[in-house]
Amino acid sequence: MNIGITCYPTFGGSGTVATNLGHHLAKRGHNIHFVSSALPYKLKYTYNERIRFHEVEQVNYPLFIDNSPYVLLLASKMAEVAADAKLDIMHVHYAIPHAVAALLCGQMMGKKRPKIVTTLHGTDVTLIGSLASLKGMTKFSIDNSDGVTVVSEYLLRKTIEVFDPEREIKVITNFFDPADFNRDKKEANLRPGVKGEKKIIHISNFRKVKRIPDVIEIFRIISSNIPARLYLVGEGPETCVAREIIRKHSLTDKVEFLGPLYDIAPVLSNADLLLQVSDHESFGLTSLEALACGVPVIGTSGSGISEVVDDGQNGFLSTPGDTVKMGADALKLLSDTALWSSFSANGAESTIKRFAADKIIGKYESFYNDILGR
Ligand code: GMT
């Protein structure tokens with residue numbers, strides 16, 4: 001098949017999933033055309049006969065300084081690529097604005113248009129798509145795509161609750177590549193502090209939904225009981241909040257800000273515990289990748305994380321905000337070597353059974369074939 005993929009090029013789960021999907025589909029013999037405002041950060045830009053990247057050019061014009069017509073430029077680029085590459089499918093990740101641009105591209109192309117598949121990733125439903133100003137447009141893009149997927153049962157429920165869609169929506173979960181995320185990938189050593197310190201890790205875009213103050217509070221509980229060091233990966237609006245709380249609790253010597261990283265597998269597989277304690281996550285890709293590396297997770301219940309982390313088996317789940325329980329659970333795990341080892345092994349085993357790429361990519365292929373009537 002000839003497949004177009006549009007995603008945000010920057011660090012983030014939806015772009016990571018979209019790019020990895022493209023790589024796997026190319027390995028299975030499909031021709032993949034990425035259309036985005038910049039090279040997706042996970043796209044390997046060495047030559048691959050089956051992968052092409054098409055950049056959406058910006059237009060420099062004084063009237064557009066504060067009002068870039070990005071959706072129009074994206075739709076035009078999609079139509080150009082779809083015609084030249086004879087795309088069967090245009091698969092967009094994150095509804096706003098990508099699905100809207102794809103629908104516009106479809107209208108421009110008429111009968112020769114590719115089928116449009118939209119994958120909803122989370123905040124396009126729970127935050128952005130729920131805003132009164134964008135809700136109608138997001139519903140329009142869901143109802144008019146040829147196929148819509150969501151990354152978890154939780155997100156399916158949320159999508160139905162928010163948009164009452166007029167169509168069936170398919171759950172195809174996120175996935176990981178066991179060659180990239182496994183328990184043996186130990187080549188990067190997190191800078192060791194005092195010998196025997198437990199390595200706690202948090203990875204996110206540091207937005208409010210990630211509950212960064214809770215991450216620091218759980219670490220404060222851990223480190224006042226056992227030697228521990230916190231590694232913060234990523235960056236965002238709450239980074240300065242984190243720095244302030246860390247200073248307030250005199251934890252500066254025990255916390256390392258690593259910034260955004262292209263490849264998180266080496267640091268993950270060196271960690272002892274991942275904290276993903278968001279208000280809600282549609283899926284929690286980082287939790288999946290941590291478990292695959294044999295790293296237990298302290299997570300929150302009530303959203304997609306509970307579809308990835310098995311409470312009491314490979315991690316512990318708590319109500320968002322319950323840092324006292326999360327701190328106690330973390331200490332229980334980190335102080336009991338046998339318990340930690342069994343959680344670690346369970347995580348690696350359960351993720352490979354349920355979320356290995358070879359189990360999931362075929363679901364996308366079947367979905368495309370169904371839509372194409374093949
Ligand atoms: O977590 C974010 O804010 C980034 C966001 C994105 O769109 O890149 O992540 C969402 O999509 C990921 C991939 O499907 C999911 O693993 C994340 O759980 C989801 N984030 C939220 O729902 C908050």
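Colleague: What makes a pair of cysteines a disulfide here, and what does the count come to?

Modeller: A disulfide is a pair of cysteine sulfur atoms within 2.5 Å, and by this rule the count comes to zero. The model is predicted, so local features need pLDDT of at least 70 and side-chain atom pairs pLDDT 80 or more, while totals for chains, interfaces and linings use all residues. Residues are numbered from 1 along each chain as its sequence is written, and side-chain values use heavy atoms, with hydrogens and water left out.

Colleague: Why does C7 form no bond with C105?

Modeller: The sulfur of C7 has its closest cysteine sulfur in C105, at 16 Å, which is too far for a bond. Seen from C105, the closest cysteine sulfur is that of C7, again at 16 Å and too far.

Colleague: Why is C7 called buried?

Modeller: Buried means under 20% relative accessible area, exposed over 50%, and partly exposed in between, with a 1.4 Å probe and protein chains only. C7 has 1% relative accessibility and therefore counts as buried. C105 is also buried, with a relative accessible area of 1%.

Colleague: Which residues are the closest to the ligand?

Modeller: The ligand is surrounded by 17 residues (a heavy atom within 4 Å), and the closest are S14, H121, K210, E281 and S282. By class, this shell has eleven polar, four nonpolar and two charged residues.

Colleague: What makes the pairing of H121 with the ligand a polar contact?

Modeller: A polar contact is a pair of N or O atoms within 3.5 Å. A side-chain N or O atom of H121 is 2.7 Å from an oxygen atom of the ligand, and the pair therefore meets the definition. The side chain of N174 also places an N or O atom 2.9 Å from a ligand oxygen. For F283, a backbone N or O atom lies 3.2 Å from an oxygen atom of the ligand.

Colleague: From which domains does the shell draw its residues?

Modeller: At least three come from each of domain 1 (2–175 + 356–372) and domain 2 (198–355), with bounds from an automatic or database domain assignment.

Definitions and conventions:
A polar contact is a pair of N or O atoms within 3.5 Å; within protein, one must be able to donate a hydrogen and the other to accept it, and residues adjacent in sequence count only if both atoms are side-chain atoms. Ala, Val, Leu, Ile, Met, Phe, Trp, Tyr, Cys and Pro count as nonpolar, Asp, Glu, Lys and Arg as charged, and the others, Gly among them, as polar.
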